[in-house]
Amino acid sequence: MSERITKNMARNIYFGGSIFAILIFIGLSVDTVQRVPELSHSDKITESVAKGKNLWEVNNCVGCHTIMGEGAYYAPELANVFDRRGMKDEGAFKAYLQGWMASQPLSEPGRRKMPQFNLSEEQVNNLADFLIWTSRIDDHEWPPNIEG
């Protein structure tokens, strides 16, 4: 083999490498698309979960909180709040969230304030269902610690 790379050799390496990279990208894309329903458990989206997601968006919760790493970092990550509070019972979590939302804003000095949204009991339950559904998504151990 010669010590120099000819133009033809360089062209072949470029096109061969490009085709290889494109094939890898297509293969990984197909694999990801096939695995999304399994990882996201989208088959378990109920009307209550959809209403909770709508409340999340309408009230701009992402303006302060993150969910699965997306959003602002002013307030805690909420994708794992159901797990973080150590609750296995959905009813207990809904009762907890009812109390938490009703007590806002807390009057502790030096603490960030969450506004009072004046949500109805049904709305808070819908939001709780959305957060419970989110906690069951396979997010590959995100966030890296339980406190977000």
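The following exercises, each with a worked solution, concern a predicted model.

**Exercise 1.** Determine how many disulfides the model holds, and state where cysteine 61 and cysteine 64 stand in this respect.

*Solution.* A disulfide requires two cysteine sulfur atoms within 2.5 Å. For cysteine 61, the nearest cysteine sulfur is that of cysteine 64, 8.4 Å away. Cysteine 61 is therefore in no disulfide, given the cut-off of 2.5 Å. Cysteine 64 likewise has the sulfur of cysteine 61 as its nearest, at 8.4 Å, and is in no disulfide. The count comes to 0 disulfides. As to their surroundings, cysteine 61 is buried, with a relative accessible area of 13%, whereas cysteine 64 is partly exposed, at 32%.

**Exercise 2.** Establish whether the end C-alpha atoms of α2 lie as far apart as its number of residues suggests, and describe which residues of the helix are buried or exposed.

*Solution.* Helix α2 covers residues 47-58. Its 12 residues, at 1.5 Å a residue, should span 16 Å, because the expected span takes one less than the number of residues. The end C-alpha atoms are 16 Å apart, which agrees. The next step is to list the buried residues: Ser48, Val49, Gly52, Leu55 and Trp56. Viewed down the helix axis, these fall within an arc of 115°, so they line one face of α2. Glu47 and Val58, on the other side, are exposed. The buried residues pack against β1 (66-67) and α5 (121-135). Just after the helix, asparagine 60 adopts a positive phi of about 55°.

**Exercise 3.** Classify serine 48 as buried or exposed, and identify its contacts beyond its neighbours in sequence.

*Solution.* The relative accessible area of serine 48 is 17%. Buried means under 20%, so serine 48 is buried. Leaving aside neighbours within four places in sequence, serine 48 is in contact with Asn125, Asn126 and Asp129. With aspartate 129 there is a polar contact between the two side chains, at 2.4 Å.

**Exercise 4.** Describe how the rings of phenylalanine 130 and tryptophan 133 are arranged, and name the cluster to which they belong.

*Solution.* A pair of aromatic rings is described by the distance of the centres and the angle of the planes. The model has 5 aromatic pairs. For phenylalanine 130 and tryptophan 133, the ring centres are 6.5 Å apart and the planes stand at 25°, so the pair is stacked. Both residues lie in helix α5, 3 residues apart, about one turn of the helix. Phenylalanine 130 and tryptophan 133 are both buried. Finally, ring pairs join Trp56, Phe130 and Trp133 into a cluster.

Methods
Residues numbered from 1 in each chain as written. Predicted model: local features only at pLDDT ≥ 70, side-chain atom pairs only at ≥ 80, totals over all residues. Heavy atoms only, no water. Buried < 20%, exposed > 50% of the residue type's maximum accessible area, 1.4 Å probe, protein only. Helix = DSSP H or I, 4+ residues; strand = E, 2+ residues; numbered from the N terminus. Polar contact = N/O pair within 3.5 Å; in protein donor to acceptor, adjacent residues only side chain to side chain. Contact = heavy atoms within 4.5 Å. Arc of directions from axis to C-beta. Phe/Tyr/Trp six-rings, centres within 6.5 Å; stacked < 30°, edge-to-face > 60°.
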